[in-house]
Amino acid sequence: MPNAVRLPELTSARLRLRPLDGTDIDALFAIFSNPEITRYWSSATMTSPADAKALLAEIEDLQARGELMEWGLERREDGALVGTCSLSNIDLDNRRGEIGFALGRFAWGHGYMREALPVLVEYAFTTLNLHRLEADVDPRNASSLRLLESLGFKIEGHLRERWQATGEIQDSLFLGLLAREWLGSSIRVADSARLSDSASDVPSANTLPQG
Ligand SMILES: CC(C)(COP(=O)(O)OP(=O)(O)OC[C@H]1O[C@@H](n2cnc3c(N)ncnc32)[C@H](O)[C@@H]1OP(=O)(O)O)[C@@H](O)C(=O)NCCC(=O)NCCS
């Protein structure tokens, strides 16, 4: 992708999807220093806040090159950073990108990611006009697979022994979601309705200002 797309702020009922910055280093470290979060992740568990600083620098670099869009998930109620979600490997020529996400351990079990991802998917298929979204998930990562399948992602392939960044060789399940599947799905309609019902001041993703 030749030019970076400036990261827009998106909103859902309980969350603000916003750019990460230097004030998030402690929160990022708190999230990614927990081995439960990085159990099926593609990079090692953080051991010091310097790792979070390096991650932020890498995110900024990839975003400037237009290869990544990464949002912090800020809980609107109290401003806490509960997680992150991203579009990586953005390829505008082939109109595809890869979705990634993580929640701090304290934020599991509240439906935050199930709420955030439809906003991200909607943005990817409408504003960015992508044709296909992909996800690469360890076959043992049951909660991520449940989440993605609830959005309509389909398992397309099993790649053996693809990752070893965490010190353990891991397989990948590759999942895909096509724009026409999302745009025509009852999941999308139900989510849009739920989002607009639950907070009248929350704009839908495709009416949000772009960068
Ligand atoms: C993947 C991950 C984000 C899932 O977290 P999660 O809290 O289970 O996901 P959600 O935010 O969608 O919440 C769904 C859970 O909240 C519950 N929930 C509570 N209130 C809810 C609500 N209002 N709406 C929806 N679900 C709700 C659901 O029942 C579900 O729990 P269950 O799985 O026990 O049935 C989390 O496990 C994680 O960060 N893992 C580490 C990073 C990772 O592996 N990322 C993927 C790499 S590809």
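Helices and strands are runs of DSSP assignments, with at least four residues for a helix (H or I) and at least two for a strand (E), numbered from the N terminus. Under this assignment, Asn 89 belongs to strand β4. The model analysed here is predicted. The protein chain comprises 7 helices and 8 strands. Of its 211 residues, 31% are buried. Among contacts with a separation of 6 or more, 61% join residues that are 24 or more positions apart.

The ligand is surrounded by 20 residues, the closest being Ala 102, Trp 108, Gly 111, Met 113 and Arg 114. Four elements each contribute at least two residues to this shell, namely β5 (96-103), α4 (112-127), β6 (132-137) and α5 (142-150). Strand β5 provides the largest share, with 4 residues. By residue class, the shell consists of 12 nonpolar, 7 polar and 1 charged.

Helix α4, one of the elements that supply the shell, was examined further. The end C-alpha atoms of α4 are 22 Å apart, which agrees with the 22 Å that its 16 residues should span at 1.5 Å a residue. The helix is mostly covered, since 12 of its 16 residues are buried. The buried residues of α4 are Tyr 112, Met 113, Ala 116, Leu 117, Pro 118, Val 119, Leu 120, Val 121, Glu 122, Tyr 123, Ala 124 and Phe 125. Met 113 is thus buried in α4 and is also listed with the residues closest to the ligand. Just after the helix, Asn 129 adopts a positive phi of about 60 degrees.

In soluble globular proteins, nonpolar side chains tend to be buried together. In the present model, the largest nonpolar core holds 44 residues, of which Leu 17, Leu 73, Ala 116, Leu 120, Val 121 and Ala 124 touch the most other members. The largest share of this core, 10 residues, is drawn from α4. For Val 121, apart from neighbours within four places in sequence, the contacts are Leu 133, Leu 151 and Trp 182.

Helix α3 (residues 49-64) also has 16 residues, and the distance from its first C-alpha to its last is 23 Å, close to the expected 22 Å at 1.5 Å a residue. Ala 52, Leu 55, Ile 59 and Gln 63 are buried in α3. Viewed down the axis of α3, the buried residues fall within an arc of 65 degrees, so they line one face of the helix. These residues pack against α1 (25-32) and β3 (68-75). On the other side of α3, the exposed residues are Ala 50, Ala 57, Asp 61 and Ala 64. Gly 66, which follows α3, has a positive phi, near 75 degrees.

Positive phi also appears at two further residues that are not glycine. Asn 89, in strand β4, has a phi of about 45 degrees. With 16 C-beta neighbours inside 10 Å, Asn 89 lies between the limits of 12 or fewer for exposed and 20 or more for buried, and therefore counts as partly exposed. Arg 95 is located in the loop between β4 and β5 and has a positive phi of about 50 degrees. Arg 95 is likewise partly exposed, because 15 other C-beta atoms lie within 10 Å.

Three other positions were considered for their surroundings. Lys 154 is in strand β7 (residues 154-163) and is exposed, because 12 other C-beta atoms lie within 10 Å. Setting aside neighbours within four places in sequence, Lys 154 is in contact with Leu 175 and Gly 176. Between Lys 154 and Leu 175, which are 21 residues apart along the chain, the C-alpha separation is 5.2 Å. Gly 79 occupies the loop between β3 and β4 (81-91). Gly 79 is exposed, as 8 other C-beta atoms are within 10 Å. The C-alpha atom of Gly 79 is separated by 9.0 Å from that of Leu 15, with the two positions 64 residues apart along the chain. Pro 35 is part of helix α2 (residues 35-38) and counts as partly exposed, with 13 C-beta neighbours inside 10 Å. The C-alpha atoms of Pro 35 and Met 46 are 8.5 Å apart in space, and the two residues are 11 residues apart in sequence.

Note on methods
Residues numbered from 1 in each chain as written. Predicted model: local features only at pLDDT ≥ 70, side-chain atom pairs only at ≥ 80, totals over all residues. Near = placed C-beta within 6 Å. Nonpolar A, V, L, I, M, F, W, Y, C, P; charged D, E, K, R; others polar. Expected span 1.5 Å × (residues − 1). Arc of directions from axis to C-beta. Contact = placed C-beta atoms within 7 Å. Core = buried A, V, L, I, M, F, W, Y, C linked by C-beta atoms within 7 Å.
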